[in-house]
Amino acid sequence: MTSKADFTDEEWTRIRRAPFVAGMAISLADPGGPIEVAKETMASLRSASVPPSEEELLLLISRDIQELIQKKQNPMGDFKPRNAALAGQQVIDELRAVNEIVTAKATPEEAAAFRRWLVNTAQAAADAAKEGGFMGFGAEQVSKGEQEMLDQLEKALGAQPDRPR
C-alpha cells in the first residue's frame with residue numbers, strides 16, 4: 001500500500017492535480033465556448049472526486065482533492081502550460097512524468113489504476129459537451145481533436161478507459 005508519505009511534497013502536488021491536467025488536455029485539444037469548458041471542467045471535477053476503484057492511493061488522492069475544493073483552493077495549483085502553441089504536448093509531458101513518479105513508487109496495481117483514472121477523467125471531459133454544429137444540430141459528442149488527444153493520452157500512459165467508446 002502506497003501513502004502520501006512515499007512522495008515528496010512536489011510529487012504529491014503533481015499527482016493530485018493530474019486528473020485535472022488530464023481533463024485540461026481535452027479542453028486544449030478542441031477549445032469550445034465557455035459553456036463547453038465549464039461542462040468539461042465539471043466532468044473532470046466529478047471524476048477526480050470519485051476514483052474508479054478502491055486502491056488506497058487513489059482514495060488518498062481523491063480525499064486530498066476534496067479537501068482542497070472544500071477549502072476553495074484550486075487543485076491545479078500553479079500549473080499552466082507555458083506556451084499556448086505547445087500546450088497539448090506540455091500537458092501530455094506532465095502526465096507522462098507524473099505516471100513515471102507513480103510507477104516508480106506505487107504498487108503495480110495502484111499505478112495501473114492511476115493511469116486508468118487519468119484516461120477516464122479525460123474521457124469524461126470529452127463526453128461532457130458536444131462540439132461544433134449549430135444550435136445543437138450537427139454537433140458531435142467527441143470531436144476529432146478530442147479523440148486525437150484521448151489517443152495520445154492513452155499511448156503516453158499505456159492505459160485504456162474503463163468503458164468502451
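Asp93 and Arg96 sit three residues apart in helix 4, so about one helical turn separates them. Their side chains meet in a salt bridge, with 3.3 Å from N to O. That pair is a good way into this predicted model, which holds eight salt bridges and a largest pocket with about 180 Å³ of space. Here is a quick tour of both topics.

**A salt bridge within helix 4**

- Asp93 has a relative accessibility of 37%, so this residue counts as partly exposed.
- Its partner Arg96 is partly exposed as well, with a relative accessible area of 32%.
- Elsewhere, salt bridges with shared partners tie Arg14, Arg17, Asp78 and Glu94 into one network.

**Salt bridges that start from helix 1**

- Arg16 and Asp64 bring their side chains together in a salt bridge, at 3.2 Å from N to O.
- This pair connects distant parts of the chain: Arg16 belongs to helix 1 and Asp64 to helix 3 (residues 56-70), and the two are 48 residues apart.
- Both Arg16 and Asp64 are buried.
- The neighbouring position in the numbering, Arg17, forms a salt bridge with Asp78, where the closest N and O atoms are 3.8 Å apart.
- Here too, distant parts of the chain are linked, since Arg17 lies in helix 1 while Asp78 lies in the loop between helix 3 and helix 4 (87-105), 61 residues away.
- The two ends of this bridge have contrasting surroundings: Arg17 is buried, with a relative accessible area of 8%, whereas Asp78 counts as exposed at 67% relative accessibility.
- The cut-offs make that contrast clear, because buried means under 20% relative accessible area and exposed means over 50%.

**The largest pocket**

- If you would like to find the pocket in the viewer, select its lining: Phe20, Gly23, Met24, Ser27, Leu28, Val37, Thr41, Ser44 and Met76.
- Helix 1 (9-29) and helix 2 (34-49) each contribute at least two residues to this lining.
- Helix 1 gives the largest share, with five residues.
- Sorted by class, the lining has five nonpolar residues, four polar residues and no charged ones.
- Helix 1 therefore appears in both topics: it supplies the largest share of the pocket lining, and it carries Arg16 and Arg17, whose salt bridges are described above.

Key. Residues numbered from 1 in each chain as written. Predicted model: local features only at pLDDT ≥ 70, side-chain atom pairs only at ≥ 80, totals over all residues. Heavy atoms only, no water. 1 Å grid on protein atoms, 1.4 Å probe; cavity = no way out; pocket = protein on both sides within 12 Å on 5 of 7 lines; lining within 4 Å. Points joined across faces, edges and corners; volume = space filled by probe spheres on them. Helix = DSSP H or I, 4+ residues; strand = E, 2+ residues; numbered from the N terminus. Nonpolar A, V, L, I, M, F, W, Y, C, P; charged D, E, K, R; others polar. Salt bridge = Lys/Arg side-chain N within 4 Å of Asp/Glu carboxyl O. Buried < 20%, exposed > 50% of the residue type's maximum accessible area, 1.4 Å probe, protein only.
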